[in-house]
Amino acid sequence: MKKKGMIIIVSAPSGAGKTSICDALIKSDKNIVYSVSTTTREPRKGEKNGREYFFVNDSEFKKMVKTNMFVEWAKVHDHFYGTSKKVLEQTINKGKDILLDIDVQGAVKIKKQYKDALMIFITTPSLKILKERLIKRNKDSLEVIKRRIENAKKELTYLPKYDYLILNDKLDKSIQEVKSVICAERLSIKRNKNICGGK
Ligand code: 5GP
């Protein structure tokens, strides 16, 4: 029997550097497919429909929920986000790994259905550093930054549910750490039972 691909979940508070790490991972590892979520939020400058997200309106999203298109969906920062069930199943059945960049609520929902999903949490070494980064990137108002920090505190309460923690201090080091985690998991006995004989 062909070995199934691995589900790799990456969650992080806003500003922790998750997008840069995920981009580097996708570029360097041809066996990992990025799961493009569907969202009701507006596209940001430079975002393309079908690349970062599939952008839909509320009623389209609700229809997709009703017709069971999502393996998980959640409301994050006032908008809806969902992961395609079909893409996830097709990808892992082909033996490819799938990278889900999703929030903590979605991560828990996936883990309930796929016990083998690998859960990686990325954050900054401290909330103070997170705040400094959010201020430095100059994208959000102080009000929004405050809200993001409050959200980050809530997200951190989900940490015990994750398998690995990456403290993103230096980007290159963090990318290497995530790659190492994935490499180790691919080699783990639990993911190679068909080869090891299962005893
Ligand atoms: P952003 O709108 O900034 O790209 O993402 C906001 C948050 O939504 C991030 O934490 C991101 O990981 C999360 N997110 C993106 N796609 C999904 C999804 O399909 N499901 C869930 N549960 N969260 C998602």
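**Entry 1: the ligand shell**

I began with the composition of the shell around the ligand, and I find 5 nonpolar, 4 polar and 6 charged residues there. I note at the outset that the model is a predicted one.

I then asked which of the 15 residues around the ligand come nearest. They are Ser37, Arg41, Tyr53, Glu72 and Tyr81.

Next I looked up polar pairs involving oxygen atoms of the ligand. For Ser37, a polar side-chain atom is placed 2.7 Å from a ligand oxygen. For Tyr53, I record 2.6 Å between an N or O atom of the side chain and an oxygen atom of the ligand. For Arg44, the corresponding distance from a side-chain N or O atom to a ligand oxygen is 2.9 Å. The ligand on its own would expose 520 Å², and the protein buries 89% of that area.

I also checked which strands contribute to the shell. Strand E5 (70-76) and strand E6 (79-84) each provide at least two of its residues.

**Entry 2: the E5-E6 hairpin**

Since E5 and E6 both appear in the shell, I examined them as a pair. Their pairing is antiparallel and runs over 6 bridges. Within it, Ala74 has Tyr81 of E6 as its bridge partner; Tyr81 is also one of the residues that come nearest to the ligand. E5 is mostly covered, with 5 of its 7 residues buried.

The two strands form a hairpin with 2 residues between them. In the turn, His77 has a positive phi of about 45°. Asp78, located in the loop between E5 and E6, likewise has a positive phi, about 75°, although it is not a glycine. I noted these values because most residues other than glycine have a negative phi.

Is Asp78 buried or exposed? Its relative accessible area is 61%, which is over the 50% cut-off, so I enter Asp78 as exposed.

On E6 I looked up Thr83, which lies in that strand. Its relative accessible area is 1%, so I enter Thr83 as buried. I also took one long-range separation from this position: the C-alpha atoms of Thr83 and Arg186 are 23 Å apart, with the two positions 103 residues apart along the chain counted as their sequence separation.

**Entry 3: strand E7**

How many of the residues of strand E7 (residues 97-101) are buried? I find 5 of the 5, and therefore E7 is largely enclosed by the rest of the structure. Asp97, Leu99 and Asp101 point one way from the strand, while Ile98 and Leu100 point the other way, and all are buried.

I then listed strands that pair with E7. Strand E1 (residues 7-11) pairs with E7 in the parallel sense over 4 bridges, and Val10 has Asp101 as its bridge partner. Strand E2 (residues 32-34) also pairs with E7 in the parallel sense, over 3 bridges. There, Ile32 stands opposite Asp97.

**Entry 4: the largest nonpolar core**

I next looked up the largest nonpolar core, which has 23 residues. Ile8, Ile120, Ile122 and Ile182 touch the most other members. At least two residues each come from E1, helix H1 (18-28), strand E8 (118-123), helix H5 (127-137), helix H6 (142-156) and helix H7 (171-187). H7 gives the most, with 4 residues. As background, I note that nonpolar side chains tend to be buried together in soluble globular proteins.

From H1 I also looked up Ser20, which has its place in that helix. With 36% relative accessibility, Ser20 counts as partly exposed. Ser20 and Asp163 are 143 residues apart in sequence, and their C-alpha atoms are 20 Å apart in space.

**Entry 5: helix ends and loops**

At helix H2 (residues 58-66), I find Asn57 capping the N-terminal end. A side-chain oxygen of Asn57 lies 3.2 Å from the backbone nitrogen of Ser59. Asn68 follows H2 and has a positive phi, near 65°.

Where is Asn138 found? I locate Asn138 in the loop between H5 and H6. Its phi is near 60°, a positive value in a residue other than glycine. The relative accessibility of Asn138 is 66%, so I enter it as exposed.

How values were computed
Residues numbered from 1 in each chain as written. Predicted model: local features only at pLDDT ≥ 70, side-chain atom pairs only at ≥ 80, totals over all residues. Heavy atoms only, no water. Buried < 20%, exposed > 50% of the residue type's maximum accessible area, 1.4 Å probe, protein only. Pairing = 2+ DSSP bridges. Near = heavy atom within 4 Å. Polar contact = N/O pair within 3.5 Å; in protein donor to acceptor, adjacent residues only side chain to side chain. Areas by Shrake-Rupley, 256 points an atom, 1.4 Å probe, with all protein chains shown as cover. Nonpolar A, V, L, I, M, F, W, Y, C, P; charged D, E, K, R; others polar. Core = buried A, V, L, I, M, F, W, Y, C linked by side-chain atoms within 4.5 Å.
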